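Please look at the ligand and its surroundings first, and then at a single tryptophan.

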Amino acid sequence: MTGQIQTLSGTHTSHEWFDRAQASLAGGVSSSSRLTSTGPHPYPLYMASGSGTRIRDVDGNEYIDYLISYGSAVLGHAAPELTEALTAVLHTGTMFGTCNTPEVELAELICEMVPCAQLVRFANSGSEAVQGAVRAARGYTGRSKILKFEGHYHGWSDTLAISNRPGEAEAGSYAMPRPVPHSPGIPAGVVDDVLVCPWNDPAALRTLLDAHRGEVAAVICEPIVANNACTMPAPGYLDLLREECTARGIVLIFDEVCTGFRTGPAGAQALFDVVPDLAVFSKALGGGLPIAAFAGQRHVMEPLAQGHVKHGGTYNASPLCATSGLVTLRQLSQPEVTKHIDDSGMRIMEAIRRAAHDHRIPCAVQGVGAMFQIVFTTDGTPTRHYRDLLHTDQARYHAFRHELLKRGIHTNAYGMACWFVAATVTTQELDATCQAVDEAFSTL
Ligand code: PMP
């Protein structure tokens, strides 16, 4: 492999904007993850416009987009059906802070589509909806501890921004990881209420739950770990979570912020045929506008419905965002739409596997067609949990990603994240992507 990363040519306007941004925006960005979203590339690219699966930066370079706003723009950029519906709302009022009819229709559609959803509440971001689900679980059980899995990401709020990306030394032993706050500013009291467990390890889970009998309100997981390079659940592992939670009176929460409405109309809970008590949605739900939801079985949501458990939000399910959700889910409820997304992604996954084989580079391509990632493991086996990811070849990932970017393929720069596929991707775009993949491998 080259190991050498060159600055992209023809992106000087992005460079100028980043220099300018640092004088007014903290760090030049609006989200800490965008500081690292460039990988080893020294400044972020500033996108100016998008249409379908294509985006254009401020220097006029065009890319086929597999970031697709972290999976949110699932119908593609500036999707005509969304633009038309949202334009109508712009003319009639985007927000009243009152009840509105699109939010009711959207909740009904979610209840139709998602197995666990009997009652829904809306929020504006995945982090907020996770907070809502955790509040509901604690309110319902009267317990305070939450068990999460090392490396899984559930948003930036204090509640669960713990052991997202700990270093091996600070994280302690594999089987009994230490809860590590993701950032200074997260109080110790919050961290004390979080138990951290390795993913895909039944014995470690049972040991932890046994040690905290009667204390655990919820177990939360990403059913496909989008934020750990799409590490998959081991066969039967989600069933085990379901059984253990049922037996112990613990609320099982699936964080479907990435998988929801993308891995099929009913998300990961249908894909794996395991129904959680609560699920959290965002990203594909909004088609690019900020809306999120937590939804669950009636008995768990009932204290919220009764007003005992509180949840608020000025902007929740505004007519603008609820309409965006409604238009998007009406599309994604058609199985042929999610099938196209999945088939398209599988074609790219196969192309990566073929190129890796031809160029004799060990790696695994993991996930499902709708969301997947390549991991350069030493022997080419897929990752089982977060600690495996600490031993993948990140330099090679960055080199691969950068070669793709030079060929007009835009993916997440972060090796622990993943590719997201849009419903608009065309055969021609897939051909171009597969060719770029092969060329990129020949440089590694
Ligand atoms: N859960 C998961 C699985 C996520 O991937 C994310 C965001 N990447 C969140 C929660 C938080 O969502 P948001 O960034 O909208 O707060």
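The paragraphs below take the ligand site first and then one residue of a loop.

The model is predicted. Around the ligand lie twelve residues in three classes: three nonpolar, six polar and three charged. In sequence order, the shell begins with S125, G126 and S127, continues with Y153, H154 and G155, and then takes in E222 and N227. D255, V257, C258 and K283 complete the list.

Which side chains place an N or O atom at 3.0 Å or 2.7 Å from an atom of the ligand? The side chain of N227 has an N or O atom 3.0 Å from an oxygen atom of the ligand. For D255, the corresponding partner is a nitrogen atom of the ligand, and the separation is 2.7 Å. The side chain of K283 also has an N or O atom beside a ligand nitrogen, here at 3.0 Å. As for cover, the ligand taken alone exposes 390 Å², and the protein buries 83% of that area.

The second stop is W156, in the loop that runs between β5 (145-149) and α6 (168-171). Is W156 buried or exposed? Its relative accessibility is 69%, and the cut-off for exposed is over 50%, so W156 counts as exposed. Leaving aside residues up to four places away in sequence, W156 touches S127 and A161. S127 is also one of the residues around the ligand, so the contact list of W156 includes a member of that shell. Y63 stands 93 residues from W156 along the chain, and the C-alpha atoms of the two are separated by 29 Å.

Conventions. Residues are numbered from 1 along each chain as its sequence is written. This is a predicted model: local features need pLDDT of at least 70, side-chain atom pairs count only at pLDDT 80 or more; totals for chains, interfaces and linings use all residues. Side-chain values use heavy atoms; hydrogens and water are left out. A residue is near a molecule or strand if one of its heavy atoms lies within 4 Å of it. A polar contact is a pair of N or O atoms within 3.5 Å; within protein, one must be able to donate a hydrogen and the other to accept it, and residues adjacent in sequence count only if both atoms are side-chain atoms. Accessible areas come from the Shrake-Rupley method with a 1.4 Å probe; for residues, only the protein chains shown count as cover. Ala, Val, Leu, Ile, Met, Phe, Trp, Tyr, Cys and Pro count as nonpolar, Asp, Glu, Lys and Arg as charged, and the others, Gly among them, as polar. Helices (H or I, at least four residues) and strands (E, at least two) are DSSP runs, numbered from the N terminus. Buried means under 20% relative accessible area, exposed over 50%, partly exposed in between (1.4 Å probe, protein chains only). Contact means heavy atoms within 4.5 Å.
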